[in-house]
Amino acid sequence: MTNKITALYCRLSQDDMLAGESNSITNQKEILLRYAHDNHFPNPQFYVDDGYSGTSFERPGFQRMIRDMENGKIGIIITKDLSRLGRDYLMTGQYIELIFPEHDVRYIAINDSVDTLKSENELMAFKNIFNDWFARDCSRKVKAVLKAKGQSGKPLSNHPPYGYRKSEHDKNVWEVDEEAAAVVKRIFRLAIEGHGPLQIAKILTDDEIITPAVYAVRKGYCNRDVSGKPPTRWDHRTVCNILDRIEYVGHTVNFKTSSKSYRCKKRVYTDKGDWLIFENTHEPVVSQHDFELVQKLRNGKKRPQKCKEVSPFSGMVYCADCGKKLYLNRGKGIPNESMKCGTYSKHFHECTAHYIRTRDLRELVLIEINKLLFAVHDDEDNFVRDAIEHSTAEHREEVKKAKKLLSKHEKRINELDMLFTRLYEDNVLGKIDDDRFSRMSVGYTEEQKKLIAECEQLRELIGAGEQKDADLSRFLQVVRKYEHITELTPKIMHEFIEKIVVHEPAKSGGHREQEVEIHFRFNVLIATSVIDSKTNDKKAA
């Protein structure tokens with residue numbers, strides 16, 4: 001064995017750092033080297049993992065030692081104690097009792113008096129279990145601290161998303177990084193214009209914009225290894241991650257991911273219902289309107305665009321009969337563009353074509369949007385009254401009544417709670433017998449259950465009414481930005497229109513008339529028009 005290495009293995013995790021100097025790498029090295037010299041072990045060589053948990057054996061220093069062992073280079077492995085080798089009692093026991101002996105390797109844990117050459121240590125298994133329990137207990141305490149921090153509204157992420165940086169005064173506060181934020185804004189703007197993640201990634205790559213990972217390393221925000229990665233080659237998944245992050249509207253989102261267990265550190269995504277969202281905790285990079293617009297656009301766009309020019313109707317036009325989308329058919333030029341039902345394209349016997357030229361559809365949409373703009377700018381109050389009030393006046397009266405009834409029900413529920421308490425006390429004191437107590441309590445219970453169910457319905461009605469008012473206000477904010485529109489872009493289309501429904505054309509007397517429904521966003525208005533292909537007239541139905 002004189003030619004083989006004596007492996008001196010040291011490991012330190014963040015939890016071990018809290019225990020003081022006794023487990024430091026320096027202290028471990030001194031103890032191991034002194035022990036090797038005192039016992040005349042040959043060729044001592046250090047294998048070190050600084051900052052790695054003992055619950056995982058995927059540590060670079062440990063794996064390098066195992067590779068050397070498998071290649072027959074190591075004769076002895078020494079650690080300060082059993083916990084330095086690992087805190088997973090199953091894997092630790094497997095290495096000591098099976099893997100090391102299989103490779104004729106002697107294992108020594110100095111402080112735990114373990115030496116596989118001299119004798120078997122009956123207490124070793126129990127010590128490994130205690131080390132495992134220590135890791136489990138530390139994990140439980142860390143999770144409790146992180147849970148309290150996350151529930152307080154402080155961000156749990158170690159690194160802010162691309163476009164932000166940690167404040168120099170408070171590490172829990174995010175500040176806008178103007179250089180990166182400009183790229184984020186551009187990504188959202190390109191998405192609103194109709195470009196998909198693949199197209200956006202190609203544009204950023206062509207413009208030689210540094211990727212978020214390389215940017216963070218160069219700015220000193222993190223120290224990850226980015227060597228070997230092209231610094232300006234963007235991936236569509238990176239673009240998707242940016243477009244999906246609600247943090248860019250100024251909100252903090254905690255508990256998006258969790259680890260499987262204290263042993264397996266792999267992160268898994270949690271259900272959105274388990275997320276905690278704290279609104280307006282930092283300066284937004286994009287507006288709430290633009291963020292929601294991008295989410296709507298991405299949810300409706302399923303196929304990548306092959307043409308460089310993005311159609312404003314992509315993912316927006318639907319068949320009135322089968323409900324499926326109409327897909328774009330491009331000719332040699334824009335005048336020859338048309339749309340037809342997706343169901344008809346695949347199974348022509350299940351639906352009809354619903355053929356419509358995009359040139360006609362574009363003109364019709366521009367006419368209807370400009371009519372709406374004129375109505376708002378000419379007399380906004382009148383527009384709100386005529387276009388909205390007739391459909392919401394009755395609803396608002398219902399909301400008013402619902403609030404009054406909700407207050408009455410909540411008061412009665414509290415009274416029933418007090419009656420339950422008095423009824424129980426009277427029964428205990430013998431003022432009323434058990435039979436009467438049972439009949440009265442059943443009646444009160446049924447009444448309270450009914451009131452609670454009605455309160456839930458009333459709250460939903462009130463919430464829907466208030467949301468409709470908020471939607472109207474947001475729609476008017478969009479309208480006020482424009483005076484007159486001459487060109488229909490994907491951004492304008494998605495700002496104004498929720499969807500377009502195309503009916504099958506009716507042919508009579510040489511005329512081909514086709515009804516088209518234009519549904520404006522937030523259910524503000526539905527404009528129904530008819531296209532006459534013979535006269536090329538567009539008129540309200």
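The exercises below concern helix packing, sheet pairing and backbone angles in a predicted model.

Residues are numbered from 1 along each chain as its sequence is written, and side-chain values use heavy atoms, with hydrogens and water left out. Because the model is predicted, local features need pLDDT of at least 70 and side-chain atom pairs count only at pLDDT 80 or more, while totals for chains, interfaces and linings use all residues.

**Exercise 1. Determine how helix 8 and helix 10 are oriented to each other, and which residues make the contact.**

Step 1. Helices (H or I, at least four residues) and strands (E, at least two) are DSSP runs, numbered from the N terminus. Helix 8 covers residues 197-206 and helix 10 covers residues 236-244.

Step 2. Axes are lines fitted to C-alpha atoms, for helices over the stretch in contact, and angles run from 0 to 180 degrees between N-to-C directions. The two axes come within 8 Å and cross at roughly 110 degrees.

Step 3. Angles under 35 degrees count as roughly parallel, over 145 as roughly antiparallel, 65 to 115 as roughly perpendicular and the rest as oblique. Helix 8 and helix 10 are therefore roughly perpendicular.

Step 4. With contact taken as heavy atoms within 4.5 Å, helix 8 contributes Pro197, Leu198, Ile200 and Ala201, and helix 10 contributes His236, Val239 and Cys240.

Step 5. Ala, Val, Leu, Ile, Met, Phe, Trp, Tyr, Cys and Pro count as nonpolar, Asp, Glu, Lys and Arg as charged, and the others, Gly among them, as polar. By these classes the contact of helix 8 with helix 10 holds six nonpolar residues, one polar and no charged.

**Exercise 2. Describe the crossing of helix 7 and helix 8, then state which residues of helix 8 are buried.**

Step 1. The axes of helix 7 (residues 178-192) and helix 8 come within 10 Å, crossing at roughly 135 degrees. Helix 7 is therefore oblique to helix 8.

Step 2. The crossing of helix 7 and helix 8 is right-handed; a crossing is left-handed if the near helix is turned anticlockwise from the far one by less than a right angle, and right-handed if clockwise.

Step 3. On the helix 7 side the contact is made by Val183, Arg186, Ile187, Leu190 and Ala191, and on the helix 8 side by Ile200, Ile203 and Leu204. The classes are seven nonpolar, no polar and one charged.

Step 4. Buried means under 20% relative accessible area, exposed over 50%, and partly exposed in between (1.4 Å probe, protein chains only). In helix 8 the buried residues are Gln199, Ile200, Ala201 and Leu204. Their cover includes helix 7 and helix 10.

Step 5. After helix 8 comes Glu208, with a positive phi near 55 degrees.

**Exercise 3. Work out the strand order and pairing of the open sheet that contains strand 14.**

Step 1. Two strands pair if DSSP finds at least two bridges between them. Strand 13 and strand 14 (residues 338-341) are antiparallel and share four bridges, and two bridges join strand 14 to strand 15, again antiparallel.

Step 2. The order of this three-stranded open sheet is 13-14-15. Strand 13 (326-329) and strand 15 (356-357) are the edge strands, each pairing on one side only.

Step 3. Ser338 of strand 14 stands opposite Asn329, and also opposite Arg357 in strand 15.

**Exercise 4. Give the order of the five-stranded open sheet and identify helices that pack on that sheet.**

Step 1. The order is 2-1-3-4-5, and the pairing is mixed. Strand 2 and strand 5 (114-115) are the edges.

Step 2. Strand 1 (residues 5-12) pairs with strand 3 (residues 74-79) in the parallel sense over four bridges. Ile5 stands opposite Ile74 in strand 3.

Step 3. Helix 2 packs on the sheet, touching strand 1, strand 2, strand 3 and strand 4 (106-109), and its direction makes about 160 degrees with that of strand 1. Helix 3 (residues 60-70) also packs on the sheet, touching strand 1, strand 2 and strand 3, at about 145 degrees to the direction of strand 2.

**Exercise 5. Locate Asn43 and Phe255, and give the phi of each.**

Step 1. Asn43 lies in the loop between helix 2 (25-38) and strand 2 (44-50). Its phi is positive, near 45 degrees, and Asn43 is partly exposed at 40% relative accessible area.

Step 2. Phe255 lies in the loop between strand 8 (252-254) and strand 9 (257-259). Phe255 has a positive phi of about 65 degrees without being a glycine, and counts as partly exposed at 24% relative accessibility.
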